[in-house]
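Visitor: Please take one buried part of the interior and look at it closely, then work outwards from there to its surroundings.

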Amino acid sequence: MRYVRIFFIFFQDAFVNRSTSFVWFLLALFNPLIALLFWRGAFQSGGAALIGWSYQMIASYYLLLVVANTLLMPHIEMEIARRDIQMGMLSNYLTRPFPYLLLKLFSELPWRIIQTFFAVSVLLFITIGLRVNVHIAQDPFLLVFTLVIAAAAHLVAFMFKMVLGLSALWVTDFGGLSEFADVVIIIFAGFVVPLALFPQWLRPIAEASPFAYMIYYPLVSLLGQISIAGMIRVLAGEIIWFSVLFVLYRVMWTSGIKKFTGIGQ
């Protein structure tokens, strides 16, 4: 029960700041819509006829990207780096009888839930109010398997952001590192274009990176573009990347906590 109480405490804090969640949701909404306008113009001009994706599939991808971004991608690295490490607030967590990793997970989940509520509301308005068809897999088994992949994707993204945040124990200018990571994620997670449309020399690298497992694979799985065997491989890749990132987190936490000072940096 203490886990439930802790979660609801964090949920109350996130709900009080729901206007902030709405602003972050708008950022997650506008970029895919702008990209969709580009693809609409490309299809209308006939320049995108040979890419292997129909316009309906592209439109579904970018509309669902809004939901995937708000649901799966955590944003805890700045809080860890700025507030906990550089301002010294991490010392408050060291004396609590609760793992720091779980506290950060519980603190982030309410923000994902609230922003996803906004995203789903807009998606329903677009599909029902504007009568825009969004293509998704029809097989119930594939949909259930996609939920499993999505849950694992969030854990991979969460562990990556934890590792990224803890890197502030070694660097003083965390902003540059964080912005570089954001650029890499935007490119290799499928925010700009689906990874299937990458050049042949770059596509294998992008698809093998941990960033593809955060957003791209759950999306194409929901679109029904991955077979059962492919989904099993995706889940196995997520487990591998989560394990690698978790081990890296433990190493960074064990060695980094020795460098931490209660007064911050």
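**Around one residue of the interior**

Guide: Ala212 is found in helix H10, where helices are DSSP runs of H or I with at least four residues, strands are runs of E with at least two, and both are numbered from the N terminus. This is a predicted model, in which local features need pLDDT of at least 70 and side-chain atom pairs count only at pLDDT 80 or more, while totals for chains, interfaces and linings use all residues. Residues are numbered from 1 along each chain as its sequence is written, and side-chain values use heavy atoms, with hydrogens and water left out.

With a relative accessibility of 0%, Ala212 counts as buried; the term means under 20% relative accessible area, against over 50% for exposed and partly exposed in between, with a 1.4 Å probe and protein chains only. Setting aside residues up to four places away in sequence, Ala212 touches Phe188, Ala189, Leu195, Ala206, Glu207, Tyr217 and Pro218, a contact being heavy atoms within 4.5 Å. Ala212 and Tyr249 are 37 residues apart in sequence, and their C-alpha atoms are 20 Å apart in space.

One of those partners, Ala189, has its place in the loop between helix H8 (174–188) and helix H9 (203–208). Ala189 likewise counts as buried, at 0% relative accessibility. Its own contacts, again without residues up to four places away in sequence, are Val184, Phe211, Ala212, Ile215 and Tyr216. From Ala189 to Thr70 the separation is 119 residues in sequence and 14 Å in space, C-alpha to C-alpha.

Ile215, a contact of Ala189, leads on to the core. The largest nonpolar core has 87 residues, and Ile215 and Tyr249 have the most contacts inside it; such a core is a set of buried Ala, Val, Leu, Ile, Met, Phe, Trp, Tyr and Cys residues joined through side-chain atoms within 4.5 Å. The largest share of this core, 14 residues, comes from H7. Beyond residues up to four places away in sequence, Ile215 touches Leu65, Ala68, Asn69, Leu72, Met73, Ala189 and Phe191.

Phe211, another contact of Ala189, opens the subject of the aromatic rings. Rings of Phe, Tyr and Trp (its six-membered ring) pair if their centres lie within 6.5 Å, and planes under 30 degrees apart count as stacked, over 60 as edge-to-face and the rest as tilted. By this rule the count comes to 21 aromatic pairs. The ring centres of Phe98 and Phe106 are 6.1 Å apart and their planes stand at 50°, so this pair is tilted; Phe98 is buried at 7% relative accessibility, and Phe106 is buried with a relative accessible area of 14%. Phe160 and Phe211 form an edge-to-face pair, with 5.2 Å from centre to centre and 85° between the planes. Because Phe160 lies in helix H7 (residues 140–166) and Phe211 in helix H10 (residues 210–214), the pair ties together parts that are 51 residues apart in sequence. Both Phe160 and Phe211 are buried. Tyr249 belongs to one aromatic cluster with Tyr93, Tyr100, Phe242, Phe246 and Trp253.

Helix H7 also holds Thr146, which is buried with a relative accessible area of 6%. Leaving out residues up to four places away in sequence, Thr146 touches Pro218, Ser221, Leu222 and Met231; Pro218 is also among the contacts of Ala212.

Asn69 and Met73, both touched by Ile215, bring us to the largest pocket, since they are among the residues that lie nearest its centre, together with Trp24, His75 and Asp182, out of 27 lining residues. The volume of this pocket is about 800 Å³. Helix H2 (18–44), H3, helix H4 (77–86), H6 and H8 each give two or more residues to the lining of the pocket, and the largest share, six residues, comes from H2. On a 1 Å grid over the protein atoms alone, a pocket is an open set of points with protein on both sides within 12 Å along at least five of seven lines, a cavity is a set where a 1.4 Å probe fits but cannot get out, and lining residues have an atom within 4 Å of a point. Points are joined across faces, edges and corners, and a volume is the space filled by probe spheres set on them.

A search of the whole structure finds one cavity of 30 Å³ or more, and the largest cavity holds about 40 Å³ of space. Its lining is made by Leu29, Leu63, Val66, Ala119, Val122, Leu123 and Ile126, with H6 giving the most, four residues.
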